[in-house]
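Hi there,

I'm passing on a structure for you to look at, and my notes follow below. Have a look at it first, then read on.

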Amino acid sequence: MSRPPRIWISNETPAPGEIVRIRAQVVHPMETGFRFGPDGQPLPENIVTRFQAMLDGELLMEWQPETAVSQNPYIEFTFAALRGGLLRMVWTDDSGDIAEAEQEIVLAG
Amino acid sequence: MTSFAEIDRRKLLLTGTALGAGLASGLWPGLGSAQQPESSAAPQPDDAEADRIAAEFLGGATPAAQGLVLDLPALGDNPAAVPVRVHLTDPLTDTVFCEELIVLAQRNPRPLACRFRFTPLTGSVDVAMRLRLMESMGLRALARMSDGRFLEARGEITVAAGGCGM
C-alpha cells in the first residue's frame with residue numbers, strides 16, 4: 001500500500017443527522033494464495049484483512065474483507081452525521097502494512 | 001547475385017517452419033513442458049459450506065426476508081470485480097441498529113466474502129464493494145440487529161468466467 005488511498009466524501013459540512021456517503025479505494029494486490037508463482041510454488045496470501053472508519057477515535061464501522069474481495073479493494077459506506085469530528089480510515093493487510101486517510105467533518109449550522 | 005539471397009531467404013523460412021512445428025508438438029524444451037495450473041482456486045461443489053457459515057451466524061434464529069436489500073448487476077461482465085451493494089430499508093434508531101453484516105458468495109472457494117461491524121454511531125447501513133466470483137452463483141447477505149432480529153437478502157448472478165484466481 002505504497003500509494004495513498006483515494007477518498008470521496010459526499011459532504012464535508014453536513015447538516016446534523018444528514019446521511020454522509022464515503023467512497024474509498026486503496027491500491028493493493030489482494031493476493032489470494034490460490035495462484036502459483038513462476039517457480040511453481042503458491043504465492044503467499046496477502047489481502048487487506050481490516051478496514052476501520054473512526055470518528056474522533058470512536059468506531060463508525062469495520063470491514064473485514066476475505067479473499068473474495070477484488071484487487072484494489074473499494075468500499076462505500078454511509079453514516080448519519082450526528083456530530084462532527086475527525087474521520088479517520090485505516091487499512092491493515094496480512095503483512096502488517098497500514099494505509100491511512102483523514103478528513104475533518106464539520107457540522108453545518 | 002539475387003539467387004543467393006533468394007536461397008538464404010528460403011533456408012530461413014524453412015528453419016522457421018521447423019521451429020514452429022517443434023513448438024507445436026511439444027518437443028521444444030522448457031516452453032512446452034512448463035505447463036502448470038495458474039491457480040488452485042476450485043469452486044464449492046454445492047452451497048453446503050455457505051449454509052454452514054450462515055447457520056453459524058444465525059445461531060438457530062430464522063431470518064426475516066424483508067428489510068435488507070442486496071443489489072447486483074444483471075450480468076457480472078467482469079468476474080474479478082462484481083459490484084455488490086447491501087443496504088437496510090428501514091431507518092435506524094439509537095436503540096435499533098445493525099451490529100453485524102456478512103456477505104456470502106455461495107460457490108466461491110471461500111464462501112464468506114466479507115464481514116461488517118457497525119456501532120450505534122453509524123446510524124445508517126448502506127455498503128458497496130466489489131467481489132471476485134468463481135462462477136455464476138447465488139449470493140446471500142445476512143444482518144444481525146441489536147434487538148436480536150436477523151435479516152436476510154438473496155440474489156443470483158451470472159458471471160462470464162472465474163475471477164478467483166486472478
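How many bridges join E4(A) to strand E5 of chain B? The count is five, and the two strands run antiparallel, with E5(B) covering residues 112–118. Strands here are DSSP runs of at least two residues (E), numbered from the N terminus, and two strands pair if DSSP finds at least two bridges between them. One bridge partner in E5(B) is B:Arg115, which sits opposite A:Gln64.

Before going further, please note that this is a predicted model: local features need pLDDT of at least 70, side-chain atom pairs count only at pLDDT 80 or more, and totals for chains, interfaces and linings use all residues. Residues are numbered from 1 along each chain as its sequence is written, while chains are lettered from A and ligands numbered from 1 in the order in which they are written.

Now the contact between the chains. Chain A brings 29 residues and chain B brings 33 residues, where contact means C-beta atoms, placed from the backbone, within 7 Å. On the chain A side, strands E4 (58–65) and E5 (74–80) each supply at least two residues, and E4(A) gives the most, with eight residues.

The chains also share a sheet. Its six strands form an open, antiparallel sheet in the order E1(A)-E2(A)-E5(A)-E6(B)-E3(B)-E1(B). At the edges are E1 (6–9) of chain A and E1 (68–71) of chain B, each pairing on one side only. E5(A) and E6(B), residues 126–131, pair over two bridges in the antiparallel sense. There, A:Ile75 has B:Met129 as its bridge partner.

Happy exploring!

How values were computed:
Contact = placed C-beta atoms within 7 Å. Helix = DSSP H or I, 4+ residues; strand = E, 2+ residues; numbered from the N terminus.
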